[in-house]
Amino acid sequence: MKAVVSSHTLGNLFSQVFASGWVPDVLPVVWHAGEPLVLPVAFYRDAFRMIDRLKPAELTITHAFQTNGTLINDEWCAFFAEEQVDVGVSIDGPRQFHDQHRLTRAGQGTFERTIAGVRQLRRQDVPFHVISVLTPASMAAPAEMFDFYVDEGIDAVCFNVEESEGGHVSGSFADAGIEAAYYRFLSEFWQLSVRRPGAIKFIREIEYAIEQVIRPQDAPFSNQLVEPFAVLSMDWAGNISTFSPELLGLKNDRYGDYLLGNVNTGILTDFLDSPNLARMLRDIEVGVRECRGSCQYFSVCGGGEPVNKLAENGTFASTETTYCRLTKMRPTDLVLDAIERAQQRGGGAGEAARAQLARVGAYEGLGRRW
Ligand code: SF4
């Protein structure tokens, strides 16, 4: 039987969030973890209207869905467009890469159904991006990946590498050459996109790295994943967790189930006093402090992701992970290398950097963050 969050639980969550005084001008709400489209459109229409009724007038709410795309139809497209939902589709590239890991319970590849959902979004002019999990095979094929996106009219891409979380240990991370392969993939993909202006408009890993590397010295930077309640996660039953969203649903000897309370039986602001929060925060702060003292990438990272530190190092109170080397260090290196080439002689990735940086209007006055 499917576990579905009730409107009573959603009402408790949002009324307590709005009453907490923790929300700034905009509250992004992300519906994910489990396939959100298995519930009917009417469920979300009702939920969105209820949230609108509860929210303070001046507060803006944005909604994002992360979906496998297989259930997208006309009705979903109309809903996404009307509600201006930020849609992310999980597709790992062309069939031979996607069907390696994304299978139905019966063991069938889901590529056909996912790409049908992508095409439906395009037909209905619904903006979307894709998230692709890279494997060693797809990392070795940047041109093939690029051509696939361009042929399918996909112009906003985000790359993940299969990571270690909870008890799951990533096979990709065990590959000694993974960092060099990932760097090469991003570099070549970026250069391909510069040679075909307009074909790919957004590569998350490059955009974010540029944003961090070139931000003004005095611009504020925070890592929400290490701040209590900057990210709030709730499961279907109303249980609340914070820090990395992936912690919700995991278990650990030291932190139990990472839960701080339940919005149906407690009050959100009281969860600040949760002993579990204190335990987690103490260890996370130790990890961040050690990162600050030892890592030259701290100014563009802010101490990384607790869930990956725990999975790879066995404790929040730690520093480097394969995950942070892939998601923070190598993209930052790539952008810095490209900037140096752009400044020295242009060409190759240098051209890519110059074009990208010119686009964000930030090439002049560029300064390293360390
Ligand atoms: S890149 Fe890794 S070691 Fe450096 S600050 Fe981030 S998490 Fe810590």
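In what sense do strand 4 (residues 128-134) and strand 5 pair, and over how many bridges? The two strands pair in the parallel sense, over 5 bridges. The model described here is predicted. One residue pair places this contact in the sequence: Ser132 has Phe159 of strand 5 as its bridge partner.

Strand 5 also pairs with strand 6. That pairing is again parallel, over 2 bridges. Here Ala156 has Phe202 in strand 6 as its bridge partner. Strand 5 is mostly covered, with 5 of its 6 residues buried.

These strands belong to an open sheet of 6 strands. The order is 1-2-3-4-5-6, and the pairing is parallel. Strand 1 (26-31) and strand 6 (202-203) take the edges. Each has a single partner strand, so one side of each lacks a neighbour in the sheet. Elsewhere in the sheet, strand 2 (residues 60-67) pairs with strand 3 (residues 86-90). This parallel pairing runs over 4 bridges. Within it, Gln66 stands opposite Gly88 of strand 3.

A second open sheet holds 3 strands in the order 7-8-9. Its pairing is antiparallel. Strand 7 (232-234) and strand 9 stand at the edges. Each of these has a single partner strand, so one side of each is left without a neighbour in the sheet. Strands 7 and 8 run antiparallel and are joined by 3 bridges. Met234 stands opposite Ile240 in strand 8. Strands of a sheet pair through backbone hydrogen bonds, in either the parallel or the antiparallel sense.

Over the whole protein chain, the secondary structure comes to 14 helices and 9 strands. The chain has 370 residues, and 50% of them count as buried. Its accessible surface comes to about 17600 Å². Carbon and sulfur atoms account for 50% of that surface. Contacts were also sorted by sequence separation. Among those between residues at least 6 apart in sequence, 65% join residues at least 24 apart.

The salt bridges number 13. One of them joins Glu152 to Arg119, with the closest N and O atoms 2.7 Å apart. Glu152 lies in the loop between helix 7 (142-151) and strand 5 (156-161), while Arg119 lies in helix 5 (residues 111-123). The pair therefore ties together parts that are 33 residues apart in sequence. The two partners can be described by their accessibility. Glu152 is buried, at a relative accessible area of 11%. Arg119 is partly exposed, at 35%.

A further salt bridge links Glu179 and Arg330. Its closest N and O atoms are 2.5 Å apart. Glu179 belongs to helix 8 (residues 178-195) and Arg330 to helix 13, so this pair ties together parts 151 residues apart in sequence. Arg330 is buried, with a relative accessible area of 15%.

Arg254 and Asp283 also meet through their side chains in a salt bridge, at 2.7 Å from N to O. This pair links distant parts of the chain, 29 residues apart. Arg254 sits in the loop between strand 8 (239-242) and strand 9 (261-262), and Asp283 in helix 10 (residues 275-294). Arg254 counts as partly exposed, at 41% relative accessibility. Asp283 is buried, with a relative accessible area of 10%.

Some salt bridges share partners. Through them, Glu179, Glu320, Arg325, Arg330 and Asp333 are joined into one network.

Which residues are found around the ligand? They are Cys291, Cys295, Phe298, Cys301, Gly303, Gly304, Glu320, Cys324 and Met329. Helix 11 (298-301) and helix 13 (322-344) are the elements that give two or more residues to this shell. By residue class, the shell divides into 6 nonpolar, 2 polar and 1 charged. Glu320 appears in the shell around the ligand and in the salt-bridge network. Helix 13, one of the elements giving two or more residues to the shell, also carries Arg330, the salt-bridge partner of Glu179.

How values were computed: Residues are numbered from 1 along each chain as its sequence is written. This is a predicted model: local features need pLDDT of at least 70, side-chain atom pairs count only at pLDDT 80 or more; totals for chains, interfaces and linings use all residues. Side-chain values use heavy atoms; hydrogens and water are left out. Two strands pair if DSSP finds at least two bridges between them. A residue is near a molecule or strand if one of its heavy atoms lies within 4 Å of it. Ala, Val, Leu, Ile, Met, Phe, Trp, Tyr, Cys and Pro count as nonpolar, Asp, Glu, Lys and Arg as charged, and the others, Gly among them, as polar. Buried means under 20% relative accessible area, exposed over 50%, partly exposed in between (1.4 Å probe, protein chains only). Contact means heavy atoms within 4.5 Å. Accessible areas come from the Shrake-Rupley method with a 1.4 Å probe; for residues, only the protein chains shown count as cover. A salt bridge is a side-chain nitrogen of Lys or Arg within 4 Å of a carboxyl oxygen of Asp or Glu.
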